[in-house]
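Me: I am new to this structure and would like to learn how to read it. Could we go through it together, one feature at a time?

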Amino acid sequence: MIKPNENGENILETAEEREEFTGERELKVLFEDNHVIVVLKPQGVASCPDESKDKNMLDTVKEYLKVKYSKPGNVYTGLVHRLDRPTGGLMVFAKTSKAAGRLSEQMRTGDFDKRYLAVLVGTPNPESGKLVNWLKKNTVNNMVYLCTQGTDGARLASLEYRVAGKTDSLCLAEIKLHTGRSHQIRVQTAGIAHPVFGDMRYGGEKAVKGKLALWAYSLAFTHPVTGERLRFLCEPPVDERPWDRFDVSGVVNPV
């Protein structure tokens, strides 16, 4: 169910309720109007077409809109932001070029708020803080590396984190992105020797095998036409390892 909270933000309440929003097995739609559509991206699905030619969210949303509204030809669907293929969670797409432009401007100014949950190997010290690095992507092997500011092609990456739960060997961290670089969370947390659980690409000697425990659980933005502040929440698969070791609901839906 979507309902406003005390701050006037519209909240998708729980993972259990997300199935109610569409009868389409192909796509879970959390919110839709004439201007935007908010959907749930499964892990392992690309955000947009790439050289693999695999199923992707952009084409899936386009097909959903085309069928639902019986639209012939190409259907405009604006890709506002991306999630890495192994990451699941919330995405918003624009249904008009005006909406796409205004949402992209919010991305530029920081009004577009993206938050993630991640299970990390070990526990950072301090347990809350800010990570600022320069990253460079190697387009040949699709790897991202920490680098220095003066490196050709370097891009600034910034995030905030806080530990929300701990076990002997893992922690649950809430992460707020200030920039949206490729593989950013995975590279920056690995850079402080606390890689994301299941990250065999960047985890190095501390890598723990399993499904990547990284989930885009919170998405907030100002509606591009009405000006209403919207926020959506969605839990990761809490019955799966390693999410089942933490009180994820207490973070997503605090009392």
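Me: Is helix 3 largely enclosed by the rest of the structure or left open, and why?

Reply: Before we start, keep in mind that this is a predicted model. To judge a helix, look at how many of its residues are buried, where buried means under 20% relative accessible area. In helix 3, 6 of the 8 residues are buried, so the helix is largely enclosed by the rest of the structure.

Me: Which residues of helix 3 are the buried ones?

Reply: They are Gln184, Ile185, Arg186, Val187, Gln188 and Thr189.

Me: And what do the buried residues of helix 3 pack against?

Reply: Strands surround the list here: strand 7, strand 8, strand 9 (143-147), strand 10 (155-166), strand 11 and strand 12 are the packing partners.

Me: What happens to the chain just after helix 3?

Reply: Ala193 takes a positive phi there, of about 70°. Ile192 lies in the loop between helix 3 (184-191) and strand 12 (214-222). With a relative accessible area of 31%, Ile192 is partly exposed.

Me: Which residues does Ile192 touch, leaving aside those up to four places away in sequence?

Reply: Ile192 touches Pro124 and Leu131. You can also compare sequence and space: Ile192 and Asn125 are 67 residues apart in sequence, with 9.4 Å between their C-alpha atoms.

Me: Where else can I try that comparison of sequence and space?

Reply: Try Tyr64, which lies in helix 1 (residues 57-68). Tyr64 and Leu27 are 37 residues apart in sequence and 7.6 Å apart in space, C-alpha to C-alpha. Tyr64 is buried, with a relative accessible area of 11%.

Me: Now aromatic rings, please. How should I describe a pair of them?

Reply: A pair of aromatic rings is described by the distance of the centres and the angle of the planes. In this model the count comes to 3 aromatic pairs. Take Phe31 and Phe232: their ring centres are 5.5 Å apart and their planes are at 45°, so the pair is tilted. Phe31 belongs to strand 3 (residues 28-32) and Phe232 to strand 13 (residues 229-233), so the pair ties together parts that are 201 residues apart in sequence.

Me: Is Phe232 buried or exposed?

Reply: Phe232 counts as buried, at 0% relative accessibility. Phe232 also forms a tilted aromatic pair with Phe221, 6.2 Å centre to centre and with 35° between the planes. That pair links Phe221 in strand 12 with Phe232 in strand 13, 11 residues apart. Phe221 is buried too, with a relative accessible area of 0%.

Me: Which residues do the ring pairs link into a cluster?

Reply: The cluster holds Phe31, Phe112, Phe221 and Phe232.

Me: Let us turn to empty space. How do I read a pocket?

Reply: Ask how much space it holds, then which residues line it. The largest pocket has about 1,400 Å³ of space. Its lining has 47 residues, and Arg82, Asp84, Arg181, Ser182 and His183 lie nearest the centre of the pocket. By class, the lining of the largest pocket has 16 nonpolar, 16 polar and 15 charged residues.

Me: Which element gives the most to the lining of the largest pocket?

Reply: Helix 2 does, with 4 residues. Elements that each supply at least two residues include helix 2 (97-109), strand 7 (113-121), strand 8 (128-138), strand 11 (170-177) and helix 3.

Me: How many cavities of 30 Å³ or more are there?

Reply: The count comes to 1 cavity of that volume or more. The largest cavity has a volume of about 40 Å³. Among the residues lining the largest cavity are His81, Lys114, Tyr116 and Ser218. Strand 7 and strand 12 each supply at least two residues of that lining, which divides into 5 nonpolar, 2 polar and 2 charged residues.

Me: Finally, how many helices and strands does the protein have?

Reply: The secondary structure comes to 4 helices and 13 strands. Of the 255 residues, 47% count as buried. Among contacts between residues at least 6 apart in sequence, 61% join residues at least 24 apart. The protein exposes about 12,800 Å², and carbon and sulfur atoms supply 47% of that area.

Methods. Residues numbered from 1 in each chain as written. Predicted model: local features only at pLDDT ≥ 70, side-chain atom pairs only at ≥ 80, totals over all residues. Heavy atoms only, no water. Buried < 20%, exposed > 50% of the residue type's maximum accessible area, 1.4 Å probe, protein only. Contact = heavy atoms within 4.5 Å. 1 Å grid on protein atoms, 1.4 Å probe; cavity = no way out; pocket = protein on both sides within 12 Å on 5 of 7 lines; lining within 4 Å. Points joined across faces, edges and corners; volume = space filled by probe spheres on them. Nonpolar A, V, L, I, M, F, W, Y, C, P; charged D, E, K, R; others polar. Phe/Tyr/Trp six-rings, centres within 6.5 Å; stacked < 30°, edge-to-face > 60°. Areas by Shrake-Rupley, 256 points an atom, 1.4 Å probe, with all protein chains shown as cover.
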